Amino acid sequence: EKHLEIRKRILYHIPCHGRFLYKERKIYPAIDYLRKLGFIVEELKIPCCGLSGSFGFRQKNEEKFLISAERIMKKIEKYRYDYLATDCSSCYQALSY
């Protein structure tokens, strides 16, 4: 059986709740699955996307979120990747900003 060789690089952000739910595992399930599909996956080494639950969505916290987002984007620029992925819709919004 032949497998399609993808060899695309994914930079994967594990959301805060994912770190908590799977803290006993050596590898995050989504990262493991993507690697089994043939992707080269590197974990984005940031503890939080900056939204911190609903914190970043509140208008009074917008400036704090934007400062955090800028700092995170500078870290992301240091990685080499084809795709940026996460399984959290809030993190996706923050990282797509």
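User: Before we start, which side chains count as charged here, and how many are there of each sign?
Analyst: Lys and Arg count as positive and Asp and Glu as negative, while His and the chain ends are left uncounted. Each charge is placed at NZ of Lys, CZ of Arg, CG of Asp or CD of Glu. This is a predicted model, in which local features need pLDDT of at least 70, side-chain atom pairs count only at pLDDT 80 or more, and totals for chains, interfaces and linings use all residues. Residues are numbered from 1 along each chain as its sequence is written, and side-chain values use heavy atoms, without hydrogens and water. The centres of the two charge sets lie 4 Å apart, and the protein has 19 positive and 12 negative side chains.

User: What pattern does the protein follow along the sequence?
Analyst: Helices (H or I, at least four residues) and strands (E, at least two) are DSSP runs, numbered from the N terminus. The protein has four helices and three strands. Read in order, they give β-α-α-β-α-β-α.

User: Is Leucine 21 buried or exposed?
Analyst: Leucine 21 sits in helix 1, residues 16-21. Buried means under 20% relative accessible area, exposed over 50%, and partly exposed in between (1.4 Å probe, protein chains only). With a relative accessible area of 57%, Leucine 21 is therefore exposed.

User: What share of the 97 residues in the protein is buried?
Analyst: The C-alpha trace spans about 55 × 30 × 20 Å along its principal axes. By the cut-off of under 20% relative accessible area, the buried share of the 97 residues is 32%.
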